[in-house]
Amino acid sequence: MNETERDSQLSALFDGELAADPAALVTRRLLKDPALRATWGRYALIGAVLRQEPLLQPAGGRADLADRVRQSLLAEPELAPVAPPPVFAQPRAGGWRRGLTGAALAASVAAVALLVLRWQMPVAEVPLAAQPSSPSGAVVVANVAPQAASGVLPEPVVSSSVEDVAHSYTTPRQAAPSGARLAAHLVDYVVAHSDYASPGVRLSSLSAQMSGSMDPAENTVEMTKDEVGARR
Amino acid sequence: MSDDVSDLVLVQRVQAGEKAAFDLLVRKYQHRVVKLVMRYMRQPADAEDVAQEAFIKAYRALPQFRGESAFYTWLYRIAINTAKNAIVSRARSPVEYDLDLQNTEESYDLQSRLADHDTPEALVLAEEIRTVVNQAMDALPEDLRTAIVLRELDGQSYEAIAATMDCPVGTVRSRIFRAREAIDRRLLQVFDGGLGRVEELA
Amino acid sequence: MHAVKHPWTRSLRAACWAGGAVLWAACSAAADDPRVWVDRMNQALATRNYDGVLVHQLGDRQDTLRIIHRIQDGHLTERLLSADGSGREFVRSDNELVSYFPDRRIVVVERRSRSLGFIGGLPGVDANSYSQYDLGDAEPALVQGRPARLISIRPRDGYRYGYRLWIDEKTSMPVQTQLFAGDGSIIEQNTFASLTLPAHIDEQLLRSQLPTDGYRWLRRQPPQFKPGEKVSWAAQALPPGFRRTGVGGTDGGNKPVSHLLFSDGLVTVSVFIESADTPPALTRNGTPRKADGPAQLGAAAAFTAHLDGYRVTAVGEVPPQTVRLIAESLRPQPETATASPVAPAH
């Protein structure tokens with residue numbers, strides 16, 4: 001392996017883009033070779049300049065931050081080697097690239113499964129009837145255990161950095177007055193407004209239709225048989 | 001995030017007892033952490049102290065890190081908590097920190113210059129480094145520059161950059177490396193033979 | 001002390017503005033900048049196919065929907081399936097929305113004025129968009145074990161709501177969103193229970209499989225929206241930050257209604273103005289339906305005011321006081337004057 005290959009590995013390692021085995025090798029070399037460590041430091045410096053971060057350069061006899069940390073750590077006990085940590089999740093199960101077509105694309109990353117609910121959802125059934133059998137279709141991962149509606153609000157597994165309280169879902173106050181059917185013109189307005197509705201999910205009018213506070217047949221005229229036939 | 005692998009390899013080495021590996025993590029993230037902490041502290045010098053504290057806290061807490069999140073994510077949280085505690089404990093002056101995020105770039109640039117204003121020498125050196133890096137960026141061929149910008153400014157993975165630039169991942173890796181090499185050549189001249197301070201690590 | 005912009009940043013910026021949209025995200029200086037994440041999210045929503053199960057919580061209601069979203073050759077097609085057993089479906093393609101109600105054996109077809117998906121993005125990095133809100137950093141968070149970024153958009157006053165978005169780090173998809181009020185209470189929450197991003201979505205997945213023989217097919221007749229012929233309108237007083245931003249549009253229909261838009265950069269309030277000559281609609285048993293004052297539909301508040309023989313209704317995902325203030329502030333302008341956005345009320 002020539003000089004250039006080796007340095008490019010360091011660059012890739014710095015970006016976290018080196019596979020586990022070569023990463024272990026290069027890390028070992030990195031820890032032993034002062035020149036490589038210096039290069040690592042300069043890579044970090046380049047990023048700092050580009051992102052307009054403070055450069056933390058030592059001058060006037062004052063050690064830089066990393067040195068001060070290192071000095072402090074001299075006094076710290078070394079971490080006792082523990083049982084090997086659990087296998088860390090491998091990033092990027094498989095690349096997908098533009099330009100791949102057909103079966104290759106379908107096989108490699110036709111779908112990237114993201115989330116799997118860890119809680120039971122109180123729904124009768126998640127319709128998977130439309131799941132295609134052809135490999136070019138999506139692989140649906142809806143890992144939901146069907147369960148009779150229990151009326152219990154599930155708790156999503158969400159945690160955030162500082163204040164978990166603020167970010168967990170609390171039963172919101174009543175948003176819609178129950179029972180009252182809206183005036184017809186209001187229904188039209190809400191539907192027309194929905195295309196300009198606030199960011200997020202434009203489901204309010206659909207939700208209203210599903211809940212019954214909006215009659216879907218409001219302000220409609222029947223289509224002729226020809227019109228319907230033309231749609232097929 | 002694509003920093004996962006390299007960070008985790010280093011973390012494992014630290015957890016296995018090698019402090020030197022932690023130094024590499026510090027060097028990688030020190031600029032980011034100081035900039036982050038600066039938003040909470042009024043004085044730039046305080047920011048460095050708090051950052052130092054945060055790194056030490058992170059080292060001590062490392063045995064409990066199991067890789068549930070990216071290392072930087074975990075470090076980020078520690079840094080913010082350390083900064084918030086520092087505000088509380090430094091009761092001398094009430095803190096007003098102006099998070100005017102609409103002028104993000106300008107305000108950060110201002111602050112980063114303040115941090116390097118510790119000594120005249122530091123200021124001069126920092127300016128020189130910035131000039132040299134920016135000149136090198138100006139001189140880069142566009143494909144190399146694009147690649148390193150997407151990586152460093154946008155934090156995109158090689159894969160994402162490959163999709164954006166419509167080229168193989170190997171080409172992305174090569175372009176980023178060559179961009180770094182070109183900039184590094186000029187950087188080395190600033191340091192008269194290496195930013196290393198070829199140090200001995202414990 | 002001014003930031004010196006080097007040529008390479010300028011040329012990058014030029015490339016961004018020249019429509020190199022993919023590089024836009026690279027123009028920001030920090031990966032913690034929430035606007036970078038919002039842009040990535042917008043990009044993902046606009047370009048990726050997705051297929052997921054969404055749990056929509058509003059008040060004490062909860063709806064579970066499967067949403068299948070495809071962008072192909074610039075055309076948007078979307079299908080929503082309700083998972084509550086009613087079998088209801090909504091299929092949206094470009095400018096048309098078709099709603100299936102198997103429990104009522106009807107299908108409703110309507111035209112939409114814009115080609116939009118059910119999950120919308122946010123305004124991008126334009127600094128003016130968020131002037132009435134405090135935009136928090138993109139804080140690292142976990143959603144079901146996956147690294148994400150939490151963006152908090154906090155309202156600066158009681159005239160608007162706040163938003164939280166959890167943006168998945170790897171895919172930039174909004175895996176959870178919340179709409180919350182000034183007191184912190186959550187009005188609406190959407191969470192993806194499962195989500196995939198397929199490279200290709202089969203045509204069959206986007207077609208309703210319901211047997212619609214024997215169903216009645218209905219076409220929705222919205223009111224005809226067009227600027228008032230003889231009168232133009234302006235707001236005498238608006239809540240802080242709100243400006244007139246344009247007119248909405250829908251075609252078809254049978255009576256003229258003006259549809260004005262007001263926005264604070266993030267949220268839009270619609271104002272509908274029509275002649276009060278049209279009698280208020282009657283309920284099925286002949287009693288007039290409520291036509292004035294406040295009303296609520298989901299997260300949207302509405303307020304109807306009467307003025308000079310006109311009915312003015314403001315609708316928006318904002319607190320009730322906001323739509324009331326806007327509705328009551330509309331005034332007709334004489335023909336010669338040009339309508340102009342009015343200074344905010346203070």
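Read from the start of its sequence, chain A runs through the pattern α-α-α-α-α-β-β-α-α-β-α-β-α, a total of nine helices and four strands. The model is a predicted one. Of the 232 residues in chain A, 39% are buried. Contacts in this chain also reach along the sequence: among those between residues at least 6 apart, 47% join residues at least 24 apart.

Turning to the nonpolar interior, the largest core holds 83 residues. Those with the most contacts inside this core are V271(C), A302(C), A314(C), V323(C) and I326(C). Even so, the largest share of the core, six residues, is supplied by helix α7 of chain A, residues 184-193. Within chain C, domain 1 (30-196) and domain 2 (224-333) both contribute residues, so the core lies between them. A helpful way into this region is I326(C), which, leaving aside neighbours within four places in sequence, is in contact with A235(C), L238(C), F262(C), V269(C), V271(C) and A314(C). Another core, of 78 residues, lies apart from the one just described and includes A12(A), L10(B), A136(B) and A179(B). As a general point, nonpolar side chains in soluble globular proteins tend to be buried together.

Chain C also offers a helix whose length can be checked by simple arithmetic. Helix α3(C) covers residues 34-47, and at 1.5 Å a residue its 14 residues should span 20 Å; the end C-alpha atoms are 20 Å apart, which agrees. The buried residues of α3(C) are P34(C), R35(C), V36(C), W37(C), V38(C), D39(C), R40(C), M41(C) and N42(C).

Methods: Residues numbered from 1 in each chain as written. Chains lettered and ligands numbered in written order. Predicted model: local features only at pLDDT ≥ 70, side-chain atom pairs only at ≥ 80, totals over all residues. Core = buried A, V, L, I, M, F, W, Y, C linked by C-beta atoms within 7 Å. Buried ≥ 20, exposed ≤ 12 C-beta atoms within 10 Å, placed from the backbone. Helix = DSSP H or I, 4+ residues; strand = E, 2+ residues; numbered from the N terminus. Domains from an automatic or database assignment. Contact = placed C-beta atoms within 7 Å. Expected span 1.5 Å × (residues − 1).
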